[in-house]
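User: Please take a close look at one part of this structure, the packing of its helices, and explain it in connected prose for someone who works at the bench. Give the cut-offs behind each term as you go.

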Amino acid sequence: MVYGHSDMGRSHVVDPITLKILVAGGFGAGKTTLVGAVSEIKPLRTEELLSEAGRPVDDIAGVEAKTTTTVAMDFGRITLREDLVLYLFGTPGQDRFWFLWDELATGALGAVVLADTRRLEDCFAAVDYFERRGIAFTVAVNCFQGANRYPEDAVRDALDLDPGTPVILCDARERESVKSVLISVVEHAMMASAARR
Ligand SMILES: Nc1nc2c(ncn2[C@@H]2O[C@H](COP(=O)(O)OP(=O)(O)O)[C@@H](O)[C@H]2O)c(=O)[nH]1
Ligand SMILES: [Mg+2]
């Protein structure tokens with residue numbers, strides 16, 4: 001066997017598989033928080049102060065002290081295993097940035113739909129979008145303080161999800177919690193794609 005010089009002692013090192021995961025959900029559901037909680041790189045954010053002009057459009061009722069809004073998207077990276085790296089793309093929360101979704105969705109393995117049970121209807125559009133495009137997704141219920149806790153099945157019913165779509169309660173601020181969500185997305189998406197083949 002002939003190894004190149006640079007291979008010596010590290011022939012077990014493989015290039016990791018990189019997967020693209022979208023993070024969607026309503027305005028203030030916790031997308032930026034989620035990406036920031038797990039990302040190994042400083043999340044690339046394009047936030048701007050909520051401007052007077054955006055105020056009538058950006059409904060902040062029920063959203064804690066939110067003074068910035070993500071204009072384009074959040075971007076982050078997490079190594080789940082040494083051979084598996086996820087790139088996270090937060091979708092823009094506001095309707096006026098819908099045109100970016102199709103660009104972002106290209107090549108995505110799966111998605112997280114973040115839901116806030118105080119404003120569940122805010123994630124209908126994301127659920128709809130991924131169902132229509134056949135992109136596997138997990139619904140992650142971000143458990144805000146003061147929000148009623150509903151069992152997973154109640155959320156599944158309220159969103160009229162397919163029985164196979166995972167629903168997980170999470171805290172978008174907690175790395176381990178977010179990791180469980182991401183693992184669920186990867187597993188679910190891989191099963192869905194195996195079932196299609
Ligand atoms: N209590 C609580 N607050 C959260 C949680 N996730 C996000 N927040 C707060 O809710 C607000 C909106 O979150 P953000 O990540 O900006 O939402 P985005 O619009 O979906 O990106 C921020 O002030 C966060 O600090 C959570 O799990 N619990
Ligand atoms: Mg955001």
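Analyst: Helices α1 and α5 are roughly perpendicular to each other, because that label covers angles of 65 to 115 degrees, while angles under 35 count as roughly parallel, over 145 as roughly antiparallel and the rest as oblique. The axes of α1 (residues 31-38) and α5 cross at roughly 100° and come within 9 Å, where an axis is a line fitted to C-alpha atoms, for helices over the stretch in contact, and angles run from 0 to 180 degrees between N-to-C directions. L34, A37 and V38 of α1 meet R175, V178 and K179 of α5 in this contact, two residues being in contact if their C-beta atoms, placed from the backbone, lie within 7 Å. By class, these residues comprise 4 nonpolar, no polar and 2 charged; Ala, Val, Leu, Ile, Met, Phe, Trp, Tyr, Cys and Pro count as nonpolar, Asp, Glu, Lys and Arg as charged, and the others, Gly among them, as polar.

This is a predicted model, in which local features need pLDDT of at least 70 and side-chain atom pairs count only at pLDDT 80 or more, whereas totals for chains, interfaces and linings use all residues. Residues are numbered from 1 along each chain as its sequence is written, and chains are lettered from A and ligands numbered from 1 in the order in which they are written.

Beyond its contact with α1, helix α5 (residues 175-196) lies across β1, β4, β5, β6, β7 and β8, and runs at about 155° to β7. Helices (H or I, at least four residues) and strands (E, at least two) are DSSP runs numbered from the N terminus, and the chain has 5 helices and 8 strands.

The strands crossed by α5 belong to an open sheet of 6 strands in the order β4-β5-β1-β6-β7-β8, with mixed pairing; strands pair if DSSP finds at least two bridges between them. At the edges stand β4 and β8 (167-170), each of which pairs on one side only, and from one strand to the next the twist averages 25°.

Helix α3 (residues 124-133) also packs on the sheet, where α3 touches β1 (17-25), β6 (110-115) and β7 (136-142) and makes about 160° with the direction of β6. In α3, the buried residues are A126, V127, Y129 and F130, buried meaning that 20 or more other C-beta atoms lie within 10 Å of a residue's own, exposed that 12 or fewer do, and partly exposed anything in between, with C-beta atoms placed from the backbone. Down the axis of α3 these buried residues fall within an arc of 165°, so they line one face of the helix; the arc is that of the directions from the helix axis to the C-beta atoms. The buried residues of α3 pack against β1, α2 (101-105), β6 and β7, whereas the face turned away from them carries the exposed D128 and R132. After α3 comes G134, with a positive phi near 65°.

Within the sheet, β1 runs parallel to β5, joined by 7 bridges, with I21 partnered by L88 in β5. The pairing of β1 with β6 is likewise parallel, over 5 bridges, and V23 has V112 of β6 as its bridge partner. By contrast, β4 (residues 74-81) and β5 (residues 84-90) pair in the antiparallel sense over 7 bridges, forming a hairpin with 2 residues between them.
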